[in-house]
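Reader: I am new to this one. Could you walk me through its strands?

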Amino acid sequence: MKDKVYFVGAGGIGMAALERYFLSRGMAVAGYDRTPTPLTRALIEEGVNISFDDSMDAVPADFRNPDEVSVIYTPAIPDSNVPLSFFRNNGFSVEKRSVALGDITRSSRALCFSGTHGKTTTSSMAAHILHTAAVGCNAFLGGILRNYGSNLLLSATSPYSVVEADEYDRSFHTLRPYIAVVTATDPDHLDIYGTEEAYLESFAHFTELVVPGGFLIVHTGLKLRPRPGKDVTVFTYSQNEGTFHAANIRRGNGTIVFDFVDERPDGMSISDIELGVPVEINIENAIAAIAATVLTGDVTADDVRRAMASFMGPERRFQFHLKEKVPGGHVVIDDYAHHPDELRQSIRSVRALYPDAKLLVAFQPHLYSRTRDFAPQFAEALSAADSVLLLDIYPARELPIPGVTSKIIFDEIKVPEKLMINKDSLVNTVKNANFDILLTVGAGDICNSLPAIVEALTADVK
C-alpha cells in the first residue's frame, strides 16, 4: 500500500474502518461518497478528505499521481463513477475493499466471522473479548461498536485481527483466516449468486481458505458442506449442542446467564457468563465468539466474563432507544434485520422480553432483489407482530425491478392492523398508533427517523 490512499465509496461502514486504520499508520486518506452522513462527518473530523462531488475536480491534486496513491473501492459503486473510471484508466493500483482487508489478514492471525446473519455481533463480541484481555487486536467490524463509538479497534502489538467476513460479491474469498466462523448459510444476495447452491458453494470455498494449523467453527445443522484443508481442525457450535454450547441457562429480571461448555479433552469451559445485551440470539452469538477467542489460547475465563457482561453491542443490533416503560409510555427498539430469518428472530426476542405487550413493527425492506426473492418469508415473519407499518423499499445500490414493491409483502401479512406508508409519514403514524413496543427494522435509513420518533413519544411525559 502506498503512502496515500483514496477511497471510492468512503462513507460505507466497512470502508470507514480501513480509512481509520490507514490514518492510524500516518497515511494520507481521501475519498468520495454520494451523500454526507454522520459517519462521513466523523471521518472528516478525524482527517479523511471526503468530497461528495462525482467529478475529478473534487479529487485533491495530491491524490492524482499513480506512483503515490493506492485506490480502494466498494462494489456498491457503479463502474460509471467518474473518479473510479479515471483511476482505472490511468495506471493506478485499484483494488476492492475486500482485497485490502485480505492483505491485512495475511500479515496477522485473523479471526474471520462469516454468515448470513450474526457476523457483525459475533465479530464485535470477539473483538471486545480480545480487547478486554491483555492481548488486544486490530478489528474491522461491520457496525459501530457502542463500547468504543467506532467500528475499528487498534493494537500496535497484537498478532490478531478480527474481521467481519462479508459474502456479498464473494468478498470473503480474499481473506486468509487463522480461525473462521460460519454462523448461518440461509440464502441471501441472490442478485449476486442466483441460486442457493451457488451461495452454499461460496461458503464452502471460504472454508478452504483457513490457513494450515488453523481452526474452523461451524454452526450445527447447516446445509453447508465445509471443505477445510487437512491441517485445519473443525469444531461445531450451537446453543444446545456441538463442541461448544451453552448449559445451565438462567433467564429472569432482564438478564441472561449461562455456562459455556467446551467439549474438547483439554477444553476451557466457563461458568456464569452474563450477557450485556440479554436477548436470546446472543447466547449463540456469544458461544461462537467465545469459542474463537478461547482457541487463540490468549484469553482467560475472567477475561471472557468481564467482556461479555460489559458488551453493549453494535449500533442498530437490537438497540434500545426508549427502554423504561412509563404509564402510557412506550419502549422503542431498533434492529438492522434485513433477512426474513433475522426479522423473525428480532420479533421473537421482543416477545421473550415483553410477552404481554402490544408490538408494532415498522419494517423498511432493503433491496428490490431481496424483496422479490423473499416476499412470502418477510410477510410470514411480520405476521408475528400485533400491527405492522410497511415502508417503501430502500433501493441502496439497485435500480427498480418492474412489479416489485413493498405491496408484494404487504398483501401476504396476516395481521388485521397493517398499513403501507412512506418514510416521511412514519413519525406521525407512530405517534398516533396504539402500541406498547415499537420495533423498527431494516438495513436502510429507517433509523434516521428514530430521534424524531422518540421526541414525539416522550413529548407528553417530560
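Author: Here are a few questions on strands and their partners, asked of a predicted model.

Reader: Is strand 6 largely enclosed or not, and how many of its six residues are buried?
Author: Strand 6 covers residues 109-114. Buried here means under 20% relative accessible area. The strand is largely enclosed by the rest of the structure, because the buried residues number five of the six.

Reader: Which residue in strand 9 is the bridge partner of C112?
Author: Strand 9 spans residues 160-164. It pairs with strand 6 over five bridges, in the parallel sense. In strand 9, C112 has as its bridge partner V163.

Reader: And which residue in strand 10 is the bridge partner of L111?
Author: Strand 10 runs over residues 179-182. Strand 6 pairs with strand 10 too, parallel, over four bridges. The strand 10 partner of L111 is I179.

Reader: Which strands are the edge strands of the open sheet of five strands?
Author: The order in that sheet is 3-2-1-4-5, and the pairing is parallel. An edge strand pairs on one side only. The edges are strand 3 (49-51) and strand 5 (93-96).

Reader: What does the twist average from one strand to the next?
Author: Take the five-strand sheet in its order, 3-2-1-4-5. From each strand to the next, the twist averages 20 degrees.

Reader: Which residue in strand 3 stands opposite Y32?
Author: Strand 2 (residues 28-32) pairs with strand 3 in the parallel sense. Three bridges join them. Opposite Y32, in strand 3, stands S51.

Reader: At about what angle does helix 4 run to strand 5?
Author: Helix 4 takes in residues 97-106. It lies across strand 4 (69-73) and strand 5. Its angle to strand 5 is about 90 degrees.

Notes: Residues are numbered from 1 along each chain as its sequence is written. This is a predicted model: local features need pLDDT of at least 70, side-chain atom pairs count only at pLDDT 80 or more; totals for chains, interfaces and linings use all residues. Side-chain values use heavy atoms; hydrogens and water are left out. Buried means under 20% relative accessible area, exposed over 50%, partly exposed in between (1.4 Å probe, protein chains only). Helices (H or I, at least four residues) and strands (E, at least two) are DSSP runs, numbered from the N terminus. Two strands pair if DSSP finds at least two bridges between them. Axes are lines fitted to C-alpha atoms, for helices over the stretch in contact, and angles run from 0 to 180 degrees between N-to-C directions. Contact means heavy atoms within 4.5 Å.
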